[in-house]
Amino acid sequence: MAKTALELTLEEWQGYDPSQSSARVNFEEQAKLKERQQQAWELAHKAARVLREEFGASKVVVFGSLAHRAWFSSQSDIDIAAWGIAPEHFYSAVGSLAEFSPTFNIDLVDPVHCAPALLEKLEGEGIEL
């Protein structure tokens, strides 16, 4: 069982280096975040294949925190825009992506019906899959 600060002996206090503990935790957090980011990319590629093969998408782009790696966090979702999906199949595509992962939300955007500012970002900053 862990000791409180008041229960540590002088030798234990002298051996305690909080910078080492903090560095270890930070390294572990970064490793977990990198693994989560890799999982997100794998899911994004899988989603792109499904959107093309099952829903006729002609172009699929990832944007948001996954595209801007510095923005990616433990709470990040996967933002995808897809061109060429027939309007009557769009919500089926959304439903299909929702079943991909219990860990990630996948948000699908129809670039034909999005705000002009978002469309500009998709075309300028999105990463085509």
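This is a short dialogue on reading the fold, sheet and core of a predicted model.

Colleague: Where should I begin, and how many helices and strands are there in the protein?

Modeller: Begin with the elements and their order. This is a predicted model, and the protein has four helices and four strands. Along the sequence they follow the pattern α-α-β-β-α-β-α-β.

Colleague: Next, the sheet. How do strands pair in general?

Modeller: Strands of a sheet pair through backbone hydrogen bonds, in a parallel or an antiparallel sense. Here the four strands form an open sheet in the order β3-β2-β1-β4, and the pairing is mixed. β3 and β4 are at the edges with a single partner strand each, so one side of each has no neighbour in the sheet.

Colleague: Which pairs are parallel and which antiparallel?

Modeller: β1 and β2 are antiparallel, with five bridges; one to look for puts Val60 with its partner Ala82 in β2. β1 also runs antiparallel to β4 (residues 127–128), joined by two bridges, and there Val61 has Glu128 as its bridge partner. β2 and β3 are parallel over four bridges, and Ile80 stands opposite Leu108 in β3.

Colleague: Is β1 mostly covered or exposed?

Modeller: Mostly covered: four of the five residues in β1 are buried. For the protein as a whole, 34% of the 129 residues count as buried.

Colleague: What lies across the sheet strands, and at what angle to β2?

Modeller: Helix α4 (residues 116–125) does, lying across β1, β2, β3 and β4 and running at about 95° to β2.

Colleague: Now the core. Which residues touch the most other members?

Modeller: In the largest nonpolar core, which has 26 residues, they are Leu51, Val60, Leu66, Ile78, Ile80, Ile85 and Leu108. At least two core residues come from each of α2 (18–55), β1 (59–63), β2 (78–83), α3 (90–98) and β3 (106–109). α2 gives the most, with nine.

Colleague: Could you take Ile85 as an example? What is it in contact with, beyond its neighbours within four places in sequence?

Modeller: Gladly. Ile85 is in contact with Leu51, Phe55, Ala57, Phe90, Ala93 and Leu108. Apart from this core lies another, of seven residues, including Val61, Phe63, Val109 and Cys114.

Colleague: And how do I read contacts over the whole chain?

Modeller: Look at sequence separation. Among contacts between residues at least 6 apart, 69% join residues at least 24 apart.

Colleague: Finally, what does the accessible surface come to?

Modeller: About 8700 Å², with 53% of that belonging to carbon and sulfur atoms.

Terms used. Residues are numbered from 1 along each chain as its sequence is written. This is a predicted model: local features need pLDDT of at least 70, side-chain atom pairs count only at pLDDT 80 or more; totals for chains, interfaces and linings use all residues. Side-chain values use heavy atoms; hydrogens and water are left out. A nonpolar core is a set of buried Ala, Val, Leu, Ile, Met, Phe, Trp, Tyr and Cys residues joined through side-chain atoms within 4.5 Å. Buried means under 20% relative accessible area, exposed over 50%, partly exposed in between (1.4 Å probe, protein chains only). Contact means heavy atoms within 4.5 Å. Accessible areas come from the Shrake-Rupley method with a 1.4 Å probe; for residues, only the protein chains shown count as cover. Two strands pair if DSSP finds at least two bridges between them. Axes are lines fitted to C-alpha atoms, for helices over the stretch in contact, and angles run from 0 to 180 degrees between N-to-C directions.
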